[in-house]
Each structure stands twice: as structure tokens, then as C-alpha cells.
Amino acid sequence: MTTIAQEPPLVRRRRRWDVLPYWLILPTVVYLGLFFVWPMIQGFGLALRDESGNWTFSAIETMWNDAAFPEAMSFTFLLILVIVPIQFVLAFGMALLLNARLRGGGLLLYVFLLPLAISDLAAGIAWSAIFTERGYLNTILEGVGVIDVPFIFLDPPSTTQLVIVVAAAEVWRSTTFMMVILFAGLQGIPKDYLEASEVFGAGFFQRVRHVILPMLKPSIQVALLLRLIFAFEVFAVVIALTGSGATVLAAEAYKWQVTNENEHVAAAYSIVILGLSLLAAAVVLLVLRTPRERRLR
């Protein structure tokens, strides 16, 4: 009888613990719903309705026929193809360097983190002062006799030069973001695995390939996932460096919202950015699946 009398309170207590995780994530779910899901639904509504509230594809057709749309799409993809691989290699190297716990590593970490404290626009303005015709880079090159006349780095007709200039600024500004994620992942790799591989004669690159990279895959997923999403939203650096010489999808959304005062076409551009971000996220999650995720399938 005593056991029977004690079972209901124990069952109730266990049920409370079972629902505790859902209560803990409830604030996050409410926050995402209010500030992400609901604005996204409103954005779809703006893109698929006209000024009278009628359902239509006119805003999407206007965006599709916009002369700047293919240019913005191609420049955005060019930036991503250049920036993301370079940033990943640099961020991984920086994370390995910090994880080696060299003397002065704390100062090195501080130096690496400095670009994160600078806004996109401020970084674009700073790099504009470097690459302009009378900027710091041309002044230095002329001073050491490398060039006789200033080189035009920000040449609007040259897409290649503009991509290189913007990529340089973006790599400097946001590589640390990926480095922080990868460095945190390296901290979670047990030293026993690395020591065991070293005992069995594995060199540095063998340890990186066969031990570190496989165990770092979840962190690589997160780093690439977030970087790709942010790369589709790059805006201020491009405007500060190129002016009207180049454009990206986020810049066109801003132009239609502020300059042209057409929120419907701006919302259509936003939907394109969202769709491309989700597609990139799906590719990263599919390609970089962990063994556990493969088993779950």
C-alpha cells in the first residue's frame, strides 16, 4: 500500500521533468516567432500583394525584369565563391594557431578579435581610404617606387577588381567570426585522441585530416552555415567601397525600399535572399553530415 500511495507523486514529478526542456526553450521560440517568423510572413505578404491588397506576382515580375537583378545576383555569388573558402582556410589556421597555446596567445587572440568590434560600414569606409586613387596603398606603392602613377583599384568597369577589393575587406572584417566557432570546437576535442595519433606516428597534417577535421565537423557546419547566411546579406561594405560601381541583392532591396519607395519589390528581393540562404544551409547540412546524422537517416 505504501508503494502504491507513493507512485502518483513520483509520476507527476517525472512528468514535470519531462516537460522542463520545452519550458526552457519557450522564450527562444516566442522570440523567434515575434521577431523572425512573423516579419517573414509579412514579407511574403508584401511581395505577393499589390497596394490594394490583391494577390499578384507583379512585384516579383518587376524584380525579375529589373536590369540590376542579374548583376546583383552574379556579384553576390562571386563574392560568396571568393570569400567563404578563403575565410574558412584562414579561420581554421588561426584557430589551430590559438589552440597550440603558444606564448603570447592571449595577445594574438585579442588582435584577431579586433575586426569584430568594427561595424560593416566603418570597415568599408576604412578600406575605401586604402584603395582609393590617393589612398594609403597607392601612396605606399608610389613611395617605394613600385608604381609611377596611382593604380585604379576601384574601377567600376572591372568586376574582377571590385570583387577582389570587397573580398579583401570582408575577409579582414569577418574571418574572426568563423575562427571563434572553430576555436571553440577545437577546445572540445579530447587531447587523448591527438596524443594517441601522435604516438602512432601521425604527422601534423595527418592529425588534422584524420582526427581534427572529422571531429570538428559539427563546428564546421555551424561556421559555414552562419557565414553563408551572412554573406547573402552583405551590403554596407559593398556600398562603401564601390558606390554604384557594383551591387548585391541586399543593396537592391534597400534601394527599392528607400530610394524607389516600393516595399513590395523590396520584399521580393528579401524573399530571394531568404530562399538562397535556406538553399545554402541545406547544402551545407547535407554535405557535412556527421556519422550520427547519417545513422539517423
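User: What makes Arg173 count as buried?

Analyst: Arg173 has a relative accessible area of 14%, and buried means under 20%, so Arg173 is called buried. Do keep in mind that this is a predicted model.

User: Why is Asp120 called partly exposed?

Analyst: The relative accessible area of Asp120 is 33%. Buried would need a value under 20% and exposed one over 50%, so Asp120 falls in between and is partly exposed.

User: How do you know that Asp120 and Arg173 meet in a salt bridge?

Analyst: The distance between their side chains is 2.7 Å, N to O. The cut-off asks for a side-chain nitrogen of Lys or Arg within 4 Å of a carboxyl oxygen of Asp or Glu, so the pair qualifies. Asp120 sits in helix 5 (residues 120-131) and Arg173 in helix 7 (residues 159-187). With their positions 53 residues apart, the pair links distant parts of the chain.

User: What makes Arg227 and Glu170 a salt bridge?

Analyst: Happy to walk through that one too. Their closest N and O atoms are 2.8 Å apart, and the limit is within 4 Å, so this is a salt bridge. Here as well distant parts of the chain are linked: Arg227 belongs to helix 10 (residues 217-232) and Glu170 to helix 7, 57 residues apart. Arg227 and Glu170 are both buried.

User: Which residues do salt bridges with shared partners join into one network?

Analyst: Asp120, Glu170, Arg173 and Arg227 are joined in that way.

User: Why do Glu142 and Arg134 count as a salt bridge?

Analyst: The N to O distance is 3.9 Å; the rule accepts pairs within 4 Å, so Glu142 and Arg134 count. Arg134 has a relative accessible area of 64%, and exposed means over 50%, so Arg134 is exposed. Glu142, at 29%, is partly exposed because that value lies between the 20% and 50% limits. In total, the structure holds five salt bridges.

User: Turning to the rings, why is the pair of Phe204 and Phe205 called edge-to-face?

Analyst: Their centres are 5.3 Å apart, and rings pair when centres lie within 6.5 Å, so they form an aromatic pair. The angle between the planes is 75 degrees; over 60 counts as edge-to-face, so that label applies.

User: Are Phe204 and Phe205 exposed or partly exposed?

Analyst: Phe205 has 68% relative accessibility, and over 50% means exposed, so Phe205 is exposed. Phe204, at 43%, stays between the limits of 20% and 50% and is therefore partly exposed.

User: How many aromatic pairs are there, and which residues form one aromatic cluster?

Analyst: The count comes to 13 aromatic pairs. Trp127, Phe131, Phe151, Phe153 and Trp172 form one aromatic cluster.

Key
Residues numbered from 1 in each chain as written. Predicted model: local features only at pLDDT ≥ 70, side-chain atom pairs only at ≥ 80, totals over all residues. Heavy atoms only, no water. Helix = DSSP H or I, 4+ residues; strand = E, 2+ residues; numbered from the N terminus. Buried < 20%, exposed > 50% of the residue type's maximum accessible area, 1.4 Å probe, protein only. Phe/Tyr/Trp six-rings, centres within 6.5 Å; stacked < 30°, edge-to-face > 60°.
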